[in-house]
Amino acid sequence: LQLSRQAHLFFTFFNVSCKRSKKTVKEIVGYSVLSLYSGNMLLNNKTYSLSIAEKLPDNYMIPYESGDSSKERGIKFRFGGERKFFLTTRVVSSMYSTDPGLNEFINSWPTQKELAHLTDEKGVFMDIL
């Protein structure tokens, strides 16, 4: 499993009518996105505050990846852009670390491509010294 910056949680907010009627109306109020992986690291265990967008374009992850301003991308936010959605994460993973020091150590290991250059055609490590 290889995570990228595009791995994210996507939230859809609904306004659900509490009045009893034959037809239940669920109106979409907005959307919010939380990126799961950034800077070669899984998101940390903490409380996040997110803005709620009225509507997201098809390429909605671009502002999150490039750091562009949401105004430049034409994204309109509810509540004047204030961060009104709060969530707390507790990440449990046996494949990705949330500890910055351990993550740096793991990312310093050579990749399969790098190791391929150090092996002969039989897959045995060559004596490089």
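Helix α2 spans residues 100-107 and contains L102, helices (H or I, at least four residues) and strands (E, at least two) being taken as DSSP runs numbered from the N terminus. The model is a predicted one, in which local features need pLDDT of at least 70 and side-chain atom pairs count only at pLDDT 80 or more, whereas totals for chains, interfaces and linings use all residues. Residues are numbered from 1 along each chain as its sequence is written, and side-chain values use heavy atoms, with hydrogens and water left out.

With a relative accessible area of 42%, L102 is partly exposed, a class lying between buried (under 20%) and exposed (over 50%), as judged with a 1.4 Å probe and protein chains only. Together with F105, I106 and W109, L102 makes a nonpolar surface patch of about 410 Å². Such patches are made of residues with over 30% relative accessible area and no salt bridge, nonpolar side chains (Val, Leu, Ile, Met, Phe, Trp, Tyr) being joined within 5 Å and like charges within 9 Å; a salt bridge is a side-chain nitrogen of Lys or Arg within 4 Å of a carboxyl oxygen of Asp or Glu. N103, also placed in helix α2, counts as buried at 10% relative accessibility. Residues up to four places away in sequence being disregarded, N103 touches G39, N40, M41 and S97, contact meaning heavy atoms within 4.5 Å. The C-alpha atoms of N103 and M41 are separated by 6.7 Å, although their positions lie 62 residues apart along the chain as a sequence separation.

Three helices and six strands are found in the chain, and the elements run β-β-β-β-β-α-β-α-α from the N terminus on. Among contacts in the chain with a separation of 6 or more, 57% are accounted for by residues 24 or more positions apart. The chain has 129 residues, of which 22% count as buried. About 10,300 Å² is exposed by the chain, with carbon and sulfur atoms supplying 53% of this area, according to the Shrake-Rupley method with a 1.4 Å probe.

The largest nonpolar core comprises eight residues, namely F13, L34, L43, Y48, L50, I52, F85 and L87; a core of this kind is a set of buried Ala, Val, Leu, Ile, Met, Phe, Trp, Tyr and Cys residues joined through side-chain atoms within 4.5 Å. Strands β5 (47-50) and β6 (85-88) each supply at least two residues of this core. Beyond its neighbours within four places in sequence, L43 is in contact with L34, S35, L36, Y48, T89, V91 and T98. A second, separate core has seven residues, including V33, Y60, M61 and I75.
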